Amino acid sequence: AAAVRASAFSLKELVATLAPMLRQGGGSVVSLDFDASVAWPAYDWMGVSKAALESITRYLARDLGRDGVRVNCIAAGPLRTVAARGVPGFERFPEVWGRRAPLGWDPSDPRPAADTAAVLLSDRARAITGEIVHVDGGYHAMGADLEPPS
């Protein structure tokens, strides 16, 4: 329950609190996600919470869009954050990511996700809402890894 409240329901509560201000001139809300389209090893209830976050994003985008408010998520690859320390086996994620992501991945560099957030918050993304934008070096687009580990 704590994971769902912190990782998903909090977005709904935050946006509900800010909605009167956002509706005055439009605006943009961006949350940080971890791809919830698959079940990740060791991610368990956090994965369920992120799936809820993605769904809440779509509903908020629907409900606030007519007021010019955009709501999106960034599904970043694994980043070394305080939250990541609470995921058992997290250290295995960056290793696999670096091997499979066509553009590579640096789990110590939050700039790709931050740059994407800056675009989504700007008017340059004025027609984008309800999206889960993958900023993961292309990892999410790769099929099964059939090569033996090196």
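The following exchange sets features of this predicted model against the definitions behind them.

User: What do the numbering and the values rest on?

Analyst: Residues are numbered from 1 along each chain as its sequence is written, and side-chain values use heavy atoms, with hydrogens and water left out. The model is predicted, so local features need pLDDT of at least 70 and side-chain atom pairs count only at pLDDT 80 or more, while totals for chains, interfaces and linings use all residues.

User: What makes the pair D109 and R111 a salt bridge?

Analyst: A salt bridge is a side-chain nitrogen of Lys or Arg within 4 Å of a carboxyl oxygen of Asp or Glu. The closest N and O atoms of D109 and R111 are 2.8 Å apart, so the pair meets that cut-off. By this rule the count comes to 6 salt bridges.

User: Why is D109 called buried or exposed, and why R111?

Analyst: Buried means under 20% relative accessible area, exposed over 50%, and partly exposed in between (1.4 Å probe, protein chains only). D109 has 16% and is therefore buried; R111 has 56% and is therefore exposed.

User: How do you know that E95 and R99 pair, and where do they lie?

Analyst: Their closest N and O atoms are 3.6 Å apart, which makes a salt bridge. E95 and R99 are 4 residues apart in helix α3, so about one helical turn separates them. An α-helix has 3.6 residues a turn, so residues three or four places apart point the same way. E95 is exposed because its relative accessible area is 53%, whereas R99, at 43%, counts as partly exposed.

User: Why does D33 have no salt bridge?

Analyst: The nearest side chain of opposite charge, K50, is 5.2 Å away, and D33 is buried yet has no salt bridge. Lys and Arg count as positive and Asp and Glu as negative; His and the chain ends are not counted. D33 lies in strand β1 (residues 27–33). Helices (H or I, at least four residues) and strands (E, at least two) are DSSP runs, numbered from the N terminus.

User: What does D33 touch?

Analyst: Contact means heavy atoms within 4.5 Å. Leaving out residues up to four places away in sequence, D33 touches K50, L53, E54, C73, I74, A75, A76 and I132. Of these partners, K50, L53 and E54 are among the buried residues of α2.

User: How do you know what span to expect of α2?

Analyst: The expected span of a helix is 1.5 Å times one less than its number of residues. Helix α2 (residues 44–65) has 22 residues and reaches 32 Å from its first C-alpha to its last, close to the 32 Å expected. The buried residues of α2 pack against α1 (2–25), β1, β2 and β3 (132–135).

User: What makes A19 the site of a kink in α1?

Analyst: The bend at a residue is the angle between axes fitted to the seven residues ending there and the seven starting there. At A19 there is a kink of about 60°, shortly before the proline P20. A19 is also one of the buried residues of α1.

User: What makes a set of residues a nonpolar core, and which members of the largest one touch the most others?

Analyst: A nonpolar core is a set of buried Ala, Val, Leu, Ile, Met, Phe, Trp, Tyr and Cys residues joined through side-chain atoms within 4.5 Å. The largest has 19 residues, of which F34, W40, I74 and W97 touch the most other members. Two or more residues come from each of β2 (69–76), α3 (92–100) and α4 (111–121), and α4 gives the most, with 3 residues.
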